[in-house]
Amino acid sequence: MRSSTPLHHLSKYALLGLVGVCVVLFTGCISDRAGSALAGVMIGQAIAPMIGLSLSVSEFRQATQRWPTNHAEFSAFLKQSGDAVQLREYDQIDFTENSDGSLEVYAVAPDLTNRMTLTAKDTDSK
């Protein structure tokens, strides 16, 4: 059962688009071809996987009112939710909830390691 709104799905694409625009603007001092290649690599390989993972973990929290505890549980939720944006295939994802309620995420995929700390919005805990 899915509890996210269409606006939440739109925010994924809007955020990715904003990142893309920023990368293009900040690479204006190099050639167009090199800038496009750099922007594509940065978005596709470094930024998009991190944003996608954090948004999917936040969707899990919104739907279940708690953080995921392991990779299997998180993967099952993603399959069940039928999210249109597919995550990169991770070999390992570790979730550690901190005493302040935040969640540390450590995710490993071929040629990529993401480590981030997510915090719950005040409205999540109500």
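User: Which residues does Leu-103 touch, not counting residues up to four places away in sequence?

Analyst: This is a predicted model, where local features need a pLDDT (the predictor's confidence in each residue, from 0 to 100) of at least 70, side-chain atom pairs count only at pLDDT 80 or more, and totals for chains, interfaces and linings use all residues. Residues are numbered from 1 along each chain as its sequence is written, while side-chain values use heavy atoms and leave out hydrogens and water. Touching, or contact, means heavy atoms within 4.5 Å. With residues up to four places away set aside, the partners of Leu-103 are Val-57, Trp-67, Pro-68, Phe-95, Thr-96, Glu-97, Met-116, Thr-117 and Leu-118.

User: Is Leu-103 buried or exposed?

Analyst: Leu-103 sits in strand β2; helices (H or I, at least four residues) and strands (E, at least two) are DSSP runs, numbered from the N terminus. Buried means under 20% relative accessible area, exposed means over 50%, and partly exposed lies in between (1.4 Å probe, protein chains only). Because the relative accessible area of Leu-103 is 1%, this residue counts as buried.

User: Why is strand β2 said to be largely enclosed by the rest of the structure?

Analyst: Strand β2 covers residues 103-109, and Leu-103 is one of its residues. The strand has seven residues, and it is largely enclosed because the number of them that are buried is five.

User: How many bridges join β2 to strand β3?

Analyst: Two strands pair if DSSP finds at least two bridges between them. Strand β3 spans residues 112-118 and runs antiparallel to β2, with Thr-113 of β3 as the bridge partner of Val-108. The hairpin of β2 and β3 has two residues between the strands, and Asp-111 takes a positive phi near 65 degrees there. The number of bridges joining β2 to β3 is seven.

User: What about β1: over how many bridges does this strand pair with β2?

Analyst: Strands β1 and β2 form a hairpin with five residues between them, and Gly-101 in the turn has a positive phi of about 95 degrees. One of the bridge pairs matches Phe-95 with Val-105 of β2. The two strands pair in the antiparallel sense, and the bridges number six.

User: Which residue's side chain is joined to that of Asn-114 by a polar contact?

Analyst: Asn-114 lies in strand β3 and is buried, with a relative accessible area of 5%. A polar contact is a pair of N or O atoms within 3.5 Å; within protein, one must be able to donate a hydrogen and the other to accept it, and residues adjacent in sequence count only if both atoms are side-chain atoms. The side chain of Asn-114 makes one of 3.1 Å, and the partner is Tyr-90.

User: Within what arc do the buried residues of helix α3 fall?

Analyst: Helix α3 runs over residues 71-81, and its buried residues are Phe-74, Phe-77, Leu-78 and Ser-81. They line one face of the helix, because seen down its axis they fall within a limited arc, taken from the directions from the helix axis to the C-beta atoms. On the face turned away from the buried side are the exposed residues Ala-72 and Lys-79. The arc of the buried residues is 100 degrees.

User: Which two side chains meet in a salt bridge?

Analyst: Side chains of opposite charge can pair when their charged atoms come close. A salt bridge is a side-chain nitrogen of Lys or Arg within 4 Å of a carboxyl oxygen of Asp or Glu, and this rule gives a count of one. One partner is partly exposed at 35% relative accessibility, and the other is partly exposed at 21%. At 2.3 Å, N to O, the two that meet are Arg-66 and Glu-73.

User: How far apart in space are Asp-91 and Ala-107, C-alpha to C-alpha?

Analyst: Asp-91 belongs to the loop between α3 and β1 and counts as exposed at 57% relative accessibility. Leaving aside neighbours within four places in sequence, Asp-91 is in contact with His-71, Val-108, Ala-109 and Pro-110. Asp-91 and Ala-107 are 16 residues apart in sequence, and their C-alpha separation is 7.7 Å.

User: Which element has the highest mean pLDDT?

Analyst: The mean pLDDT of the protein is 73, and 54% of its residues reach 70 or more. Helix α1 (residues 6-26) has the lowest mean among the elements, 62, whereas the highest, 93, belongs to strand β1.
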